[in-house]
Amino acid sequence: MTSFKALVATKGETGPNLAFTEFAESDLMDGDVTVRVTHSTVNYKDGLALTGRAPVIRRWPMIPGIDFAGRVEISEHPDFKPGDLVILNGWGTGETHLGAYAQKSRVKGDWLVPLPEGLNPDEAMAIGTAGYTAMLCVLALEKHGLKPSDGPVVVTGAAGGVGSVAVALLAKAGWHVIASTGRPEEAEYLKGLGAAEIIDRAELSAPGRPLGKERWIAGVDAVGSHTLANLLSMTKYGGAIAACGLAQGMDLPASVAPFILRGVALLGIDSVMCPKPRRLKAWARLAADLDRERLALMTTRIPLSEVIETGRAIVDGKVRGRVVVEIG
Ligand code: NDP
């Protein structure tokens, strides 16, 4: 095909102007691998890009979409040949490099991860950047030396994408998972993913004390702001919190008390520029460890034509679990 279907964002007054259109293959950006995209997802960051609520898009026109799975069509990269199934997460895709909400993408082969054995492209995008980030959080907690016998783990934004995958992964690994959610109606869903306890996110979202009662040894935080500060203040001696998100806010109104009095560690997690060896490890662990029934439980599917409204829903906190975009 010399042109293909794509969602194209052009710069508007108050946010991006979005249109489904035919995109000329000759207008794709430089790269040594061309991929026929079959699946993408809607992550929180995609919602921010589509709504313009944060300046995620930094090149116009842009094809939004920060992650995809698909089949290599053309490759000048030694690691990939036509027909290979691949995954892409981040590296500026959908921000500075034409992204995933299209039937084709041309990228650097160095950005691609081979689809691990045991996962199909649909499952890979059910996991998506949110799930891969949840795995990076789990790897960071393990690297810190923490294990299920040390105490409970707390997961915030639990009914969202990162949260749902984190709950499923940690429960499968034997952790006592405390799931924090603002949606009490999702309690049964979270228990189905393996949560042992559900707490109301209101317990964590208001300004708190420098040190609180010790409640957990580890945490995965997708929320930031007061929630992250409170997580730190309630972490047991020697524990750690893996921080990856900002759904409540980008601020961190915390005290140093948990660090200097309890030896608590704050582990920063970035998925976008994460080095390739850690990506390969995360995807291999996801393929081996993530319970497929629980993955199915957290996944819904939409056609490309519904990404704009789903982007609005995710930033409004109305999406449960993960959304696969079937590009077809
Ligand atoms: P989702 O929208 O799926 O999940 C976010 C969840 O946070 C919501 O479902 C909700 O969970 C909770 N939440 C929403 N608003 C608030 C609020 N005001 N206060 C407290 N909790 C809130 O998004 P994702 O899972 O895709 O992403 C989660 C976060 O992680 C985002 O901030 C995203 O930008 C970040 N992220 C960072 C990455 C990195 O590389 N560091 C990579 C991927 C994601 P509930 O209803 O259960 O309370």
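Select G182 and the ligand: in this predicted model, a backbone N or O atom of G182 lies 2.7 Å from an oxygen atom of the ligand. Next add G161, where a polar backbone atom is 2.8 Å from an oxygen atom of the ligand. Then add L246, which also offers a polar backbone atom, here 2.9 Å from a ligand oxygen. The ligand taken alone exposes 920 Å², and the protein buries 88% of that.

**The shell around the ligand**

Now show the residues around the ligand, 25 in number; V162, T181, G182, R183 and S271 come nearest. Colour the shell by class and you will find twelve nonpolar, ten polar and three charged residues. Colour by domain instead: domain 1 (3-115 + 298-326) and domain 2 (129-268) each give the shell at least three residues. Among the helices, α2 (121-143) and α3 (161-172) each supply at least two residues of this shell.

**Helix α3**

Select 161-172, the range of α3. How far apart are the end C-alpha atoms of α3? They are 17 Å apart, which agrees with the 16 Å that twelve residues should span at 1.5 Å a residue.

Is this helix largely enclosed or open? Eleven of the twelve residues of α3 are buried, so the helix is largely enclosed by the rest of the structure. The buried residues are G161, V162, G163, S164, V165, A166, V167, A168, L169, L170 and A171. Two of these have appeared already: G161 through its backbone contact with the ligand, and V162 as one of the residues that come nearest to the ligand. Step just past the end of α3 to G174, which takes a positive phi of about 100 degrees.

**Backbone stops elsewhere**

Go to W60 and P61, which are joined by a cis peptide bond with omega of about -10 degrees. P61 sits in the loop between α1 (44-51) and β4 (67-75).

Move on to W91, in the loop between β5 (85-89) and β6 (104-107). W91 is not a glycine, yet its phi is positive, near 60 degrees. Is W91 buried or exposed? Its relative accessibility is 19%, and buried means under 20%, so W91 counts as buried.

The last stop is S225, in helix α6 (residues 225-233). S225 is another residue other than glycine with a positive phi, near 50 degrees. At 4% relative accessibility, S225 counts as buried.

Technical notes:
Residues are numbered from 1 along each chain as its sequence is written. This is a predicted model: local features need pLDDT of at least 70, side-chain atom pairs count only at pLDDT 80 or more; totals for chains, interfaces and linings use all residues. Side-chain values use heavy atoms; hydrogens and water are left out. A residue is near a molecule or strand if one of its heavy atoms lies within 4 Å of it. A polar contact is a pair of N or O atoms within 3.5 Å; within protein, one must be able to donate a hydrogen and the other to accept it, and residues adjacent in sequence count only if both atoms are side-chain atoms. Accessible areas come from the Shrake-Rupley method with a 1.4 Å probe; for residues, only the protein chains shown count as cover. Helices (H or I, at least four residues) and strands (E, at least two) are DSSP runs, numbered from the N terminus. Ala, Val, Leu, Ile, Met, Phe, Trp, Tyr, Cys and Pro count as nonpolar, Asp, Glu, Lys and Arg as charged, and the others, Gly among them, as polar. Domain bounds come from an automatic or database domain assignment. The expected span of a helix is 1.5 Å times one less than its number of residues. Buried means under 20% relative accessible area, exposed over 50%, partly exposed in between (1.4 Å probe, protein chains only).
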